[in-house]
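Please work through the following exercises on empty space and helix packing in a protein model. Each task is followed by a solution in steps.

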Amino acid sequence: MSRFQKEFPQAAGLIYLNHAAVSPWPQRSADAVARFAQENVSTGARDYPTWLEVEQRLRERLQRLLNAPASSDIALVKNTSEALSFVAFGLEWEPGDQVVISDEEFPSNRIVWEALAPQGVEVIKVSLAGDDPEGALLAACGPRTRLLAISAVQYASGLKMDLVKLGQGCRELDVLFCVDAIQQLGSAPFDVQACECDFAMADGHKWMLGPEGLGVFYCRPELRPRLRLQEYGWHMLEHMGDYTRESWEPAHSARRFECGSPNILGTMALEASLGLLEEVGMEQVHRAIEAQVDQLISGIRQIPGGQIHSPLAPERRAGIFSFSVDGKDSIALHKQLMAQGVVCIPRGKGVRFSPHFYTGEEAIADALAIVRQLSV
Ligand SMILES: Cc1ncc(COP(=O)(O)O)c(C=O)c1O
């Protein structure tokens with residue numbers, strides 16, 4: 001991975017272990033944005049069609065990242081929360097309908113379902129603490145359950161779900177399956193067809209190494225017409241660009257979820273970031289992250305009082321590693337780590353480290369040495 005180090009010329013002494021929050025950009029993404037800024041200064045939008053070519057490349061990269069059937073199944077949205085809202089407020093609900101989620105979801109994947117309470121929708125929260133979290137979620141689905149919504153990877157514990165098992169279970173139960181993929185997409189392979197999900201969404205600023213404010217929304221093509229649209233404008237029309245036409249209909253493609261002018265600035269950055277991830281390859285990215293989490297597990301185990309709050313089984317973890325040290329307040333430990341250049345965050349039961357593929361063994365060893373020194 002050392003050949004990719006030049007893409008991350010981060011400040012000296014900085015160890016960035018916070019990709020599960022907001023990632024640093026690769027150099028090529030900053031360059032793409034700088035070029036775009038300069039182009040806007042010198043020729044404005046004269047060459048707009050070339051910008052749309054970049055946007056199409058981004059859709060194709062996202063299509064491959066999700067293994068979506070077609071690039072026209074990819075909608076570019078503001079963020080995960082917006083896409084979740086498109087699903088929650090797009091479906092028709094009956095009083096008494098239920099949505100099943102876990103009891104440890106990031107607020108975006110809880111509040112959006114709780115916000116359906118005025119329509120009589122009940123939210124069932126399931127503990128993932130047992131040996132069979134997928135079994136527990138599926139067992140909670142009853143005759144009134146319409147949808148199961150889950151994070152592919154839990155933001156605090158880092159627990160990675162078996163999405164294929166959940167997808168199959170949802171099919172058998174005739175329950176819609178919605179995956180908040182933000183903590184997996186860009187850190188491990190993801191496949192909307194293999195897991196048979198109906199909806200998947202993620203923002204680009206975490207594992208995809210992009211800026212905030214540009215995300216992806218996948219809706220299974222057959223279901224698109226079933227989602228009542230929430231936003232309208234010139235861009236989401238089947239005959240986009242035909243401004244004098246009186247009659248209209250929403251685009252048949254996923255563009256129906258994109259109401260107005262696109263976020264081309266974000267597109268420039270995210271397209272470049274995903275280009276890098278594709279060069280490395282998702283399997284390689286995943287293996288590199290896995291090796292670093294292995295290193296963190298053995299390092300924290302060697303620190304007296306070190307406690308690991310993330311799953312240990314490789315198939316149960318992605319890039320999120322949470323730990324604490326007995327007798328040491330995690331908020332204080334986090335502050336001290338930040339003061340020593342280790343960028344991380346307190347989450348759940350401890351401090352959360354989230355390295356990316358390029359972080360490297362040496363940086364992890366340095367971070368562990370700092371934890372050890374702060375723990376005495
Ligand atoms: C699991 C999960 N879902 C959603 C979000 C928020 O996503 P967005 O800001 O793209 O709406 C986060 C952010 O930390 C997250 O961890």
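The exercises below treat a predicted model, beginning with its cavity and pocket and ending with pairs of helices.

**Exercise 1. The cavity**

Determine how many cavities of 30 Å³ or more the count gives, and describe the lining of the largest cavity by class.

*Solution.* Rolling a probe the size of a water molecule over the atoms shows where empty space is left. Step one is the count, which comes to one cavity of 30 Å³ or more. Step two is the volume: about 60 Å³ for the largest cavity. Step three is the lining, which is formed by Phe86, the run Leu227, Arg228, Leu229, Gln230 and Glu231, and also Arg256, Phe257 and Glu258. Sorted by class, this lining of the largest cavity has four nonpolar, one polar and four charged residues.

**Exercise 2. The pocket**

State the volume of the largest pocket, and explain where the largest pocket lies with respect to domain 1 and domain 2.

*Solution.* The volume of the largest pocket is about 370 Å³. Its lining consists of 16 residues, and those closest to the pocket centre are Glu104, Ala129, Ser157, His309 and Lys349. By class, the lining of the largest pocket comprises six nonpolar, five polar and five charged residues. For the location, consider the domains: domain 1 covers 2-25 + 281-375 and domain 2 covers 30-279. Because both domains give residues to the lining, the largest pocket lies between them.

**Exercise 3. Two helices packed against helix 7**

Classify the packing of helix 1 and of helix 2 against helix 7, using the angles.

*Solution.* Two packed helices are described by the angle between their axes and the distance between the axes. Helix 1 (residues 27-43) meets helix 7 (residues 264-280) at an angle of about 150 degrees, and their axes are 8 Å apart. An angle over 145 degrees counts as roughly antiparallel, and helix 1 and helix 7 are therefore roughly antiparallel to each other. Their crossing is right-handed.

Helix 2 (residues 48-66) packs with helix 7 at about 45 degrees, the axes being 9 Å apart. Helix 2 is therefore oblique to helix 7. The crossing of helix 2 and helix 7 is left-handed.

**Exercise 4. Helix 9 and helix 10**

Classify the crossing of helix 9 and helix 10.

*Solution.* The axes of helix 9 (residues 330-339) and helix 10 (residues 361-374) cross at roughly 130 degrees and come within 10 Å. Helix 9 and helix 10 are therefore oblique to each other. In handedness, helix 9 passes helix 10 in a right-handed crossing.

How values were computed
Residues are numbered from 1 along each chain as its sequence is written. This is a predicted model: local features need pLDDT of at least 70, side-chain atom pairs count only at pLDDT 80 or more; totals for chains, interfaces and linings use all residues. Side-chain values use heavy atoms; hydrogens and water are left out. On a 1 Å grid over the protein atoms alone, a cavity is a set of points where a 1.4 Å probe fits but cannot get out, and a pocket is an open set with protein on both sides within 12 Å along at least five of seven lines; lining residues have an atom within 4 Å of a point. Grid points are joined across faces, edges and corners, and a volume is the space filled by probe spheres set on the points. Ala, Val, Leu, Ile, Met, Phe, Trp, Tyr, Cys and Pro count as nonpolar, Asp, Glu, Lys and Arg as charged, and the others, Gly among them, as polar. Domain bounds come from an automatic or database domain assignment. Axes are lines fitted to C-alpha atoms, for helices over the stretch in contact, and angles run from 0 to 180 degrees between N-to-C directions. Helices (H or I, at least four residues) and strands (E, at least two) are DSSP runs, numbered from the N terminus. Angles under 35 degrees count as roughly parallel, over 145 as roughly antiparallel, 65 to 115 as roughly perpendicular and the rest as oblique. A crossing is left-handed if the near helix is turned anticlockwise from the far one by less than a right angle, and right-handed if clockwise.
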